[in-house]
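Me: Please take a close look at one metal site in this model and describe how the protein holds it. A connected account, with the cut-offs behind each term, would be appreciated.

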Amino acid sequence: MLNKMAVCKVVLLAAVIAFAFTASAFAQDATYVGNSQCKICHNKKEEGEQWTKWKAEAHAKAFEKLSTPEAQAVATKAGVTKPPAEAPECLKCHATAADEATGKCPEKIKPEDGVQCESCHGPASAHTAAAKKFKSGDKTAEPAKSIKKGDAETCKKCHNEKNPTAKPGEVFDFDKQYAKINHSNPAKAAK
Ligand code: HEC
Ligand code: HEC
Ligand code: HEC
Ligand code: HEC
């Protein structure tokens with residue numbers, strides 16, 4: 001009897017592990033599509049005007065920032081020899097999904113667009129595909145399930161002590177910082 005229970009547990013555990021692997025493989029299969037895609041569906045004023053708000057805030061200008069004299073000074077101090085706008089050491093936080101070794105961004109991502117939607121929400125090809133299905137009448141497609149909402153951990157990928165301009169001992173306060181770039185849907189917040 002005991003043995004049978006143990007076997008059952010092992011089988012169950014194996015199933016759980018197999019599912020977890022499938023789920024993570026699905027997320028990894030998604031590729032980057034670029035912010036012009038998001039703009040098509042996420043720029044209605046009454047739903048929070050996400051694209052227009054993002055375009056006006058600091059993240060959209062994070063790459064531009066790398067061509068300033070101020071950035072050159074930061075790079076020199078950090079011992080970075082390449083111009084900052086070409087240096088993987090800077091691009092990893094000032095562009096979207098830049099390769100840590102080469103600084104190259106994925107095909108649909110322009111470095112000039114700085115820190116864009118998918119830096120925080122993750123690669124979104126699966127989401128845009130589901131959203132298109134949903135819009136064309138397939139109510140079984142659940143677009144919200146294939147995209148990350150973003151939280152404090154998302155921000156700390158870049159807002160951390162490896163940022164060469166961080167003030168020593170600075171602690172990232174999510175609520176305070178998100179308030180500065182808030183693009184939540186007011187219709188949902190009211191509920
Ligand atoms: C074809 C239309 C369409 C496109 C393109 C699209 N979305 Fe969406 N998105 C939706 C719909 C529909 C929902 C679900 C309804 C809602 O929550 O507002 C959604 C929900 C979301 C949510 C909220 C998820 C949640 O948990 O509430 C985020 C974040 C999001 N999309 C980000 C993006 C980003 C980033 C892009 C571009 C890479 C993008 N979307 C492209 C239609 C789209
Ligand atoms: C670990 C992530 C990270 C890396 C790596 C990084 N930065 Fe930044 N950088 C940030 C963040 C986050 C900010 C915004 C800080 C804030 O205002 O709170 C920033 C801001 C800046 C600013 C503006 C500072 C200001 O006070 O307005 C400059 C200039 C800059 N970075 C240059 C560089 C250069 C040059 C490199 C490469 C040598 C680099 N950064 C590498 C994350 C990073
Ligand atoms: C710096 C990170 C960051 C960037 C860049 C960013 N977002 Fe977000 N976004 C967030 C966070 C965090 C939230 C969720 C906040 C919360 O908990 O309500 C959010 C919420 C959303 C929501 C859900 C709104 C709701 O209330 O249902 C949508 C849709 C969305 N973002 C779309 C976009 C699009 C489109 C872009 C680019 C044009 C973009 N975001 C850029 C971090 C980001
Ligand atoms: C991919 C890296 C990256 C991620 C992820 C990221 N940021 Fe940033 N953030 C930056 C960089 C780089 C800057 C500086 C841009 C500039 O000064 O041009 C910045 C600037 C900002 C600023 C403007 C600072 C100021 O005082 O003007 C705010 C606010 C901010 N980030 C909030 C957030 C929040 C909230 C999140 C998470 C939801 C987040 N960031 C995620 C890289 C990132």
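Reply: The site chosen is that of the iron atom of ligand 1, whose protein donors are His42 (NE2) and His127 (NE2), lying 2.0 Å from the metal. The model is a predicted one, in which local features need pLDDT of at least 70, side-chain atom pairs count only at pLDDT 80 or more, and totals for chains, interfaces and linings use all residues. Residues are numbered from 1 along each chain as its sequence is written, chains are lettered from A and ligands numbered from 1 in the order in which they are written, and side-chain values use heavy atoms, with hydrogens and water left out.

Donors are N, O and S atoms within 2.8 Å of the metal (3.2 Å for Na, K and Ca). The 6 donor atoms of the iron atom of ligand 1 form angles of 88 to 178°, and the site is octahedral; for six donors, that term requires opposite donors over 155 degrees apart and all others between 65 and 115. Ideal angles for six octahedral donors are 90 or 180 degrees.

His42 lies in the loop between helix H2 (35-41) and helix H3 (50-56), and His127 in helix H7 (residues 125-135), so the pair ties together parts that are 85 residues apart in sequence. Helices here are DSSP runs (H or I, at least four residues), numbered from the N terminus.

The two ligating residues can also be described by accessibility. His127 is buried, with a relative accessible area of 13%, whereas His42, at 36%, counts as partly exposed. Buried means under 20% relative accessible area, exposed over 50%, and partly exposed in between (1.4 Å probe, protein chains only).

Notes. Four donors count as tetrahedral if all angles lie between 85 and 135 degrees; four count as square planar and six as octahedral if opposite donors are over 155 degrees apart and all others between 65 and 115; anything else is irregular. Helices (H or I, at least four residues) and strands (E, at least two) are DSSP runs, numbered from the N terminus.
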